[in-house]
Amino acid sequence: MSGVSFNRREFLKLFAATAGCFVATAAATPFVPSLGTARAAPGAFHFPQGLASADPQPDAVMLWTRVEALAPEAALPNGDVDLYVQVSANTDFTRVVLQQAVRATRDADHTVRVFVRGLVPDTTYYYRFYAGGDSSAEPGRTRTAPRPGTKRDVRFATVSCQNYEQGYYGALRRLVNDDIAAAPGEQIDFVLHLGDFIYERTGDVPEDERPARLIGPLPDGTEPWVPDGTRPWWQKGGQAAVSLADYRALYKTYLTDPDLQAARARFPFVHTWDDHEFTNDAWQSHDTYFGDGEPAAKRKVAANKAWFEFIPAVLSQAPKFNGIERAAHDFRHARVENGELGEPDDNYLYQGTDNLKAISSLTIYRTLRWGAMLDMVITDLRSYRSPPVITKEVKAFIAGAPVPPVRLVKLLDAGRTANDGNPPETISYGGKEMPNPRANAPRGTQMGLPQKEWFKAAMKASTAKWRVWANSAPALQMRLDFSRIPFAGLEDGYVGTDAWQGYPGELAELISFLKEEKIGNVVSMAGDYHAFAAGRLPVDPDAENLSFAAVEIMTAGISSGSMYSGAARATRNSGFFHRAVVLDDAGTKRENWNNTLVNGLRAGILANYSASEYIHNMFRNERASPGLDYMDADGHGYTLVTLTETGMKVEQVNVGDVTKDAGPEGAAVLRRARFAVKPWDDGNEPALEGPDFEGLPPYPWTTGNHEA
């Protein structure tokens, strides 16, 4: 590259063409630009959160970074920073195809998003940012998607749930290192992040565990909660984010992690969100920290703006999908107060002005195409969902139920559509009755009507070999079959209702739609539950004869506490139920929770008293969790997916404990569980093959013994 520098006038001329736009088009003929030092000598700026790319298109990709001025005088008088991006076809930047000036504004916390167009399909590119004489430490690597219709295999990874305080990101370093070592044809094309990129609460560590690392005080935040004598010292400063400054501080802290930076620099990411980007168990613009919560439109707008600033995605720039209009759009400023939600319409969208403004400030559901092999449908299951059916009042009413009964959840979720439009005036449990709180309410929803209609249209219009549903909330059935425990007088219940199990009516509608329209090769990729799982999605999980229309692959968290550890903690003072979670095998604790969820409570309990396979088979309930074929609830890691013309291959990579920093080598792999799925269409049903293991299988599986 030339050593000639831009002067101030030349830089401003370069910048003027795109100020406020940040859409760049690669040159038709590659060129070698000058190295600009527009305003300041080296050492004036740095890029503490690294760089990233996202949502690859056949001819375009979104690039991102954040810059900081190490001295205030290095920035413009209003605090903005001029910088530029370079995109090259090779690592030494001797074949630069784009050089574009952009401005990192103080209003956007000095983050920039550059949508680069005019690139060659199915091509690897490298990129870096400059501010003055300073550049991002390492160049980023990204790639474009193949042309529509190109029959090429696609390989991607799915990740989710990365609580900064609960663990390190050694799984991401393992993903990066393994990909560098892989042959070019075996390297992944992109990473699908299924949400919980940040956690909005600090001090969010179980009381009997020490944090792996701590986040400092938030700029605003709720009042720190003080230990009550049982909480450990680190929770004294625990806070919840309440302002834009708080959410920005969390993203900036999370993105200082070197393993997360390395992954974002190596792979283009495709993102959706879950609840913790806003608030735990989020729905619409509602706060859920204390009891049933309260309206929080100001926090929702702040959370949306921070997500848009720090998470690159192709939204307003997204093209039509097979004639379907784009729904996604960039963040739009909205002035709101925390006013009342108002009344819900027939689709459970609350009509309060502040609520409507807050949730419409950013729309992220969208599609991504990868040649002829993959159409990805990316959903938002938080912004339009109805409130949970298990409220504080209902929890008190069913206090004797170990988990929410399936019967009651279905009834409450159906609202006024229950019993063919004749909902009961009261609900009953354990010989008690209370007024039906949802008797006059619409049926529950996670998607909201516009998104649901868009989802159906996208699935129906898809022409790819495989359709992947980027689904932050798992749809697999996870139940406890208490009705099979003699004389207990208990009902079957859901293990959690914050995912699709809390919205069974809409889930049944969607799976029935896939079945009736004979839309095959649909795979839901899910996160949220901090466990690995695999199975098939039934049209009606309670039908006498089960029929399946899709496959779901659930990935564990990168660092958030595992589902198994949470279940073990919650039942440690209940001997009977604890045995269903933890098997004490001659002093060795084993994850019996997998066995209980897949094979039923009786199989889980009896595992503590007999090692006989004959007895286990006698008491196994194949419909304990209908469609759930595999569960590995103890661990952390990611999932690798390869889609080909002849099938799908899945590899779940469990790296085990992440409470210690694995360093540059990355976390060691505890096990790899592999599955295969052959294509299905014309109303046929999917079949899941596996698991096959490399490494120690989770209980109750053994090498060559596929319990599922």
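1. A residue is taken as buried when its relative accessible area is under 20%. By that cut-off Phe693, at 15% relative accessibility, counts as buried; the model under review is a predicted one, and the values discussed here should be read in that light. Phe693 lies in strand β31, and, once its neighbours within four places in sequence are set aside, its contacts are with Tyr630, Arg672, Ala673, Pro698, Trp701 and Thr702. From Ile359, by contrast, Phe693 is separated by 334 residues in sequence and by 43 Å in space, taken from C-alpha to C-alpha.

2. The strand that holds Phe693 also deserves attention for its backbone, since Pro691, found in β31 (residues 688–695), is joined to Gly690 by a cis peptide bond with an omega of about 10 degrees. A further cis peptide bond runs from Tyr699 to Pro700, with omega near 10 degrees, and Pro700 is placed in the segment after β31. I would suggest that both bonds be viewed together with the surroundings of Phe693, whose contacts include Pro698 and Trp701.

3. Two residues other than glycine carry a positive phi and can be taken as a pair. Phe93, whose phi is near 60 degrees, sits in the loop between β6 (81–88) and β7 (96–104), and because its relative accessibility is 1%, Phe93 counts as buried. Asn322, with a positive phi of about 50 degrees, is found in the loop between α5 and α6 (353–359); at 35% relative accessibility, however, Asn322 counts as partly exposed.

4. Which residues does Asn163 contact, leaving aside its neighbours within four places in sequence? They are Tyr169, Tyr199, Asp204, Tyr254, Ser559 and Ser560. Asn163 itself is located in the loop between β12 (154–159) and α2 (170–181), and its relative accessibility of 1% places Asn163 among residues that count as buried.

5. Helix α5, which covers residues 297–310, has 14 residues and spans 20 Å from its first C-alpha to its last, close to the 20 Å expected at 1.5 Å a residue. Of the 14 residues of α5, 13 are buried, so the helix is largely enclosed by the rest of the structure.

6. The pairing of α10 with α11 can be set out in the usual terms, for two packed helices are described by the angle between their axes and the distance between the axes. Here the axes of α10 (residues 449–461) and α11 (residues 504–516) come within 11 Å and cross at roughly 20 degrees. Angles under 35 degrees count as roughly parallel, and therefore α10 is roughly parallel to α11. The crossing in which α10 passes α11 is right-handed.

7. What do the residues of this helix contact look like? On the α10 side they are Lys452, Phe455, Lys456, Met459 and Lys460, and these meet Glu506, Glu509, Leu510, Phe513 and Leu514 in α11. By class, the residues of the contact of α10 with α11 divide into five nonpolar and five charged, with no polar residue present. For reading the spacing of such positions it is useful to recall that an α-helix has 3.6 residues a turn, so residues three or four places apart point the same way.

Technical notes. Residues numbered from 1 in each chain as written. Predicted model: local features only at pLDDT ≥ 70, side-chain atom pairs only at ≥ 80, totals over all residues. Heavy atoms only, no water. Helix = DSSP H or I, 4+ residues; strand = E, 2+ residues; numbered from the N terminus. Buried < 20%, exposed > 50% of the residue type's maximum accessible area, 1.4 Å probe, protein only. Contact = heavy atoms within 4.5 Å. Expected span 1.5 Å × (residues − 1). Axes fitted to C-alpha atoms, helices over the stretch in contact; angles between N-to-C directions. Parallel < 35°, antiparallel > 145°, perpendicular 65-115°, else oblique. Left-handed = near helix turned anticlockwise from the far one by under 90°. Nonpolar A, V, L, I, M, F, W, Y, C, P; charged D, E, K, R; others polar.
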